[in-house]
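Okay, thanks for coming, everyone. I'd like to walk you through a structure that's new to most of you, so let's put it up on the screen.

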Amino acid sequence: MAKKGKKYIEASKQVEAGKAYNAEEALALVKKIDFAKFDATVEVAYNLNLDTKQADQQLRGAVVLPNGTGKEQTVVVFAKGQKAKDAEAAGADVVGDDDLVQRIQSGWLDFDVAIATPDMMAQVGRLGRVLGPKGLMPNPKTGTVTMDVTKAVQESKAGKVTYRTDKAGNVHVPIGKVSFEEKALVENFNTIKDVILKARPASVKGQYVTHVSVASTFGPSVTLAALSL
């Protein structure tokens, strides 16, 4: 295990051991104890009682945060004809079809979100080994395979985030920056919370959410009070 630095240890002392904070308290504390020399990202982490070997218990989706993420998203769109023009008009950073596929195959990956129209997925599918591991592959479940490229681009630019369970049933989602006002972070947190709770698979028995915490990029995590489920 990596040795914790002095700043991390000092920050940890301000988190009361064994205490479960409410959202307002937790996010205020995360802002207070952050020690990064840059505007760190604040992330919420959920541990869910899911058997991810079961297809219906693999959560995946996307949601637009009311106060954005604080990060400028670079968006590329795979589209042709009028849909390509629509994507450009909506603010996409790069738009293309076969030429964009070739560019990415050559090693270019300087973007945050990839969107594609359904008719382009045969070509985009060739990039699965490149985009898949980085979480950049367009997918209907996250709204990134769509004919409505205008909406998809606008939402991505406005602060759309994706969520997906890992093999252990964990979900990690950014909810803003340390520089955000506490109220804005709480609103973003509540938006994610509502989405996660509504996504509960019908086949899950017993407690659904087993642990929730928030933390800044390098800061210690703060545990939140158990949700009534």
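Let's start with one spot: find S213, and you'll see that it stands opposite T223 in β9. Before I go on, keep in mind that this is a predicted model.

Just along from there, V214 stands opposite V222, again in β9. How many bridges join β8 to β9? Two, and the strands run antiparallel. The two strands make a hairpin, with five residues between them.

Now, what sits on the other side of β8? That would be β1, which is joined to β8 by seven bridges, antiparallel once more. If you want a place to look, N47 stands opposite H211 in β8.

Let's zoom out to the sheet. We have four strands in an open sheet, in the order β7-β1-β8-β9, with antiparallel pairing. Which strands stand at the edges? They're β7 and β9, the latter being residues 222-223, and each has a single partner strand, so one side of each is left without a neighbour in the sheet. As for β8, is it mostly covered or mostly open? Mostly covered: six of its eight residues are buried.

Okay, on to the charged side chains. In general, side chains of opposite charge can pair when their charged atoms come close. The count here comes to five salt bridges, and I'll show you some of them.

Take E10 and K13, which form a salt bridge with their closest N and O atoms 3.1 Å apart. Are these two buried or exposed? E10 is partly exposed, with a relative accessible area of 47%. K13 has 60% relative accessibility, so it counts as exposed, the cut-off being over 50%.

Next, please turn to K157. The side chain of K157 meets that of E72 in a salt bridge, at 3.9 Å from N to O. This pair links distant parts of the chain: E72 is in the loop between β2 (60-64) and β3 (75-78), while K157 is in helix α7, residues 149-158, and they're 85 residues apart. E72 counts as exposed at 64% relative accessibility, whereas K157 is partly exposed, with a relative accessible area of 28%.

K157 has another partner too, D93, and there the closest N and O atoms are 2.7 Å apart. Again, distant parts of the chain are linked, with D93 in the loop between α3 (81-90) and β4 (94-96), 64 residues away from K157 in helix α7. D93 is partly exposed, its relative accessible area being 41%. Put those together and you get E72, D93 and K157 linked in a network of salt bridges.

While we're on charged residues, have a look at R200. Where does R200 lie? In the loop between α8 (182-198) and β8 (209-216). At 30% relative accessibility, R200 counts as partly exposed. Its side chain reaches the backbone oxygen of V204 at 3.4 Å. And to give you a sense of scale, the C-alpha atoms of R200 and Q105 are separated by 37 Å, with the two residues 95 apart along the chain.

Last topic: pockets. The general idea is that rolling a probe the size of a water molecule over the atoms shows where empty space is left. The largest pocket in this model has a volume of about 720 Å³. It's lined by 27 residues, and the closest to its centre are Q73, D112, G135, V161 and T162. Which strands each supply at least two residues of that lining? They are β1 (41-48), β5 (113-116), β6 (160-164) and β7 (170-177). The largest share comes from β6, with five residues. By type, the lining divides into eight nonpolar, eleven polar and eight charged residues.

Then there's the second largest pocket, with a volume of about 180 Å³. Its lining includes T52, R60, N139, K141 and R164. Sorted by type, that lining has two nonpolar residues, four polar and five charged.

So, if you open the model yourselves later, start at S213 opposite T223, then find the network of E72, D93 and K157, and finish at the largest pocket, where β6 supplies the largest share of the lining. Thanks, everyone.

Methods: Residues numbered from 1 in each chain as written. Predicted model: local features only at pLDDT ≥ 70, side-chain atom pairs only at ≥ 80, totals over all residues. Heavy atoms only, no water. Salt bridge = Lys/Arg side-chain N within 4 Å of Asp/Glu carboxyl O. Buried < 20%, exposed > 50% of the residue type's maximum accessible area, 1.4 Å probe, protein only. Polar contact = N/O pair within 3.5 Å; in protein donor to acceptor, adjacent residues only side chain to side chain. 1 Å grid on protein atoms, 1.4 Å probe; cavity = no way out; pocket = protein on both sides within 12 Å on 5 of 7 lines; lining within 4 Å. Points joined across faces, edges and corners; volume = space filled by probe spheres on them. Nonpolar A, V, L, I, M, F, W, Y, C, P; charged D, E, K, R; others polar. Pairing = 2+ DSSP bridges.
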